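Work through the exercises below with the structure at hand. Each task is followed by its solution in steps.

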Amino acid sequence: MAFRLKSKSDYQEAYKASIENPENFWEEIASHYTWQKPWTKVFESDFEKPDVKWFLNAKLNITENCLDRHLKERGDKIALIWEPNNPKDAVKKYTYKQLHAEVCKFANVLKARGIKKGDRVCLYMPMIPELSFAVLACARIGAIHSVVFAGFSASSLADRINDASANTVITSDAMNRGAKKMDVKGIIDEALTKCTTVEHVIVVNHLNEKTNMQSGRDVWYHEAVAKVNENCPAESMDSEDMLFILYTSGSTGKPKGVVHTCGGYMVYAGYSFTNVFQCDENDIYWCTADIGWITGHTYIIYGPLLAGATTMMFEGIPTWPDAGRFWDVVDKHQVNIFYTAPTAIRSLMAKGLEFVEPYKLSSLKVLGTVGEPINVEAWEWYNEYIGKKNCPIVDTWWQTETGGIMITALAGISDLKASYAGQPMPGVQLALLDADGKEIEGDDVEGYLCIKHAWPSMIRTTYGDHERCKNVYFSNYNGYYFTGDGARREKDNMYRIIGRVDDVINVSGHRFGTAEIENAINEHDEVVESAVVGYPHDIKGQGIYAFVICNKEHSNDVETRKEILATVSEYIGKIAKPDKIQFVSGLPKTRSGKIMRRILRKVAEGDVSNLGDTTTLLDPSIVDELKEGVV
Ligand code: WTA
């Protein structure tokens, strides 16, 4: 079985082989990598408990595969390109040799502070090269990284640090965001007033901002790194040792720490990257995600480096200095493979073609999208104006929990259909289930998207709470991993993702649980109760609509609205601010006290002509009030 698929028949053969004999299939794929000790068994899987293991008893270090393995053959090839926020500032480039040295030095800085295998290290940083070094440095010494997107508030950050009992935080003084300069270290200091486990804070000096360094706890990276050398042997990791934790929102409670392990994640990240993007040796590859999300983990850092590719990271935003920035960067670096989110495409599309026309974009060969369904209009714009009708678009469906791309086209190989993610990757056994948990067979059907066989990069647990992992993903339908998405299947195993079927809203490709936002809103003194739903939004995909009941103290809608937005920013981050707030005197509840969200969704969508059966409501008159007050 070839590692790299090159034709439709290669795909079909691999898919068939992976279903008929997963052991043999994955054994051959995994043999592509360097293992310190081979596995005794390819996998063990029990979806009841759940208890899934891959490449049992094998030893490896993912950074040996990302870095050391390439030194002989492509040591002087560029591994990482860094494009700064300001186009006038200097680009940074690191060859595989240089990246290897930077990672080893960073690892030695950690080791010098006593940070060791199994420790949890929280990274809260802008998109600078040191973030990639730090991620890989943790992996090098076997520390478990937990990257938190630098748009989350101090309160969210503290929750994540505490949940993981991290003993170390890596951060920077400040960050750029377009024309703005933002504080970073101050947010760390604020968060750490609520954390007791953190002993070390390593601060990268990115913008020469003054910051208060707490003695004994805080150390400047540039000072620490001057004291170490660039030799750092890779820690020997068991295949099932934790590689990282990444927090993500679900439909209930606080975000949960999705756990990925070393061996399986490595195999799937590398295999999927190579095949989905069909990345060739001399290609320049750019994924615009932030490393704070799973897309950045798997497809900026691990996947491309496992493949020996040149990967680019971008510090800035798509709209600064103007809405042509992405295309300017594509031309500047002669990017061949470009991977972004539908929300970015829609927002740039809305700015007009004058921001695209000045650029050639002739280096592009492959385009990709991820994070949310892409509407046909955005797909066509991307195809016509960016790809010049000459680049396959891979619409990749996957999740933090799946570790890598699960449903997709393979660039240049598979048939494409706008708004269809495409076919399952080899090794991915999908099922559509009905409400009773029965598998729906055949074509042209819709159901709950589930996965019925283990794959190497699947979630192993939710950190510190295995029961939660079981309840959220494995208890809805016995014997299946439940994705939380609905999907449609057509002939030839073509899948179209319909969207979330649980209480998760996808705002600009970012996941939020409605309960999480409600909890934040409820922190406002005047708020008695709230209910949050998603509604269709032209740019963001989904917007956040909040119905809020206030107490007697409430008199001024405008002020309270502002304060609620500030409260949500404080508890979660600006990215979770509701787009619309409607003040109401009550919520549509059934006699048993359950909120009928179906009605709220219809109201938020502005589709109030047919609200369906409302007779089971405790107080049906509330519906008229909701309709009249639509924002
Ligand atoms: C949604 C992002 C449609 C989906 C990698 C999923 C998509 C959630 C697509 C996971 C796509 C992701 N088409 N929907 N191509 N990709 N989604 O964990 O609802 O941030 O469950 O992972 O995003 O979001 P997450």
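**Exercise 1. Locate Pro50 and describe the bond before it.**

Step 1. Pro50 sits in the loop between β1 (41-46) and β2 (51-56); strands (E, at least two residues) and helices (H or I, at least four) are DSSP runs, numbered from the N terminus.
Step 2. Lys49 and Pro50 are joined by a cis peptide bond, with omega about -20°.

The model is predicted, with local features needing pLDDT of at least 70 and side-chain atom pairs pLDDT 80 or more, while totals for chains, interfaces and linings use all residues. Residues are numbered from 1 along each chain as its sequence is written, and side-chain values use heavy atoms, leaving out hydrogens and water.

**Exercise 2. Find the cis peptide bond at Pro321, and the loop that holds Pro321.**

Step 1. The bond joins Trp320 and Pro321, and its omega is about 0°.
Step 2. The loop with Pro321 runs between β17 (310-314) and α11 (325-333).

**Exercise 3. What is the phi of Asn57, and where is Asn57 found?**

Step 1. Phi is near 65° at Asn57, a positive value in a residue other than glycine.
Step 2. Asn57 belongs to the loop between β2 and β3 (59-60).

**Exercise 4. Give the strand order of the open sheet that contains β24 and β26.**

Step 1. Strands of a sheet pair through backbone hydrogen bonds, either parallel or antiparallel.
Step 2. Here four strands are ordered β23-β24-β26-β27, with antiparallel pairing; two strands pair if DSSP finds at least two bridges between them.
Step 3. At the edges are β23 (430-433) and β27 (494-500), each pairing on one side only.
Step 4. Between β24 (residues 445-451) and β26 (residues 481-490) there are six bridges. Tyr448 has Gly486 in β26 as its bridge partner.

**Exercise 5. Describe how domain 1 and domain 3 meet.**

Step 1. Domain 1 covers 8-61 + 243-499 and domain 3 covers 508-628; the bounds come from an automatic or database domain assignment.
Step 2. In contact (heavy atoms within 4.5 Å) are 17 residues of domain 1 and 13 residues of domain 3.
Step 3. The two domains bury about 1100 Å² between them, 49% of it on carbon and sulfur atoms. Buried area is the accessible area (1.4 Å probe) that two parts lose on being put together, summed over both. Ser249, Trp293 and Arg346 supply 40% of the area that domain 1 buries against domain 3, more than any other three residues.
Step 4. One salt bridge is counted between domain 1 and domain 3, where the term requires a side-chain nitrogen of Lys or Arg within 4 Å of a carboxyl oxygen of Asp or Glu.
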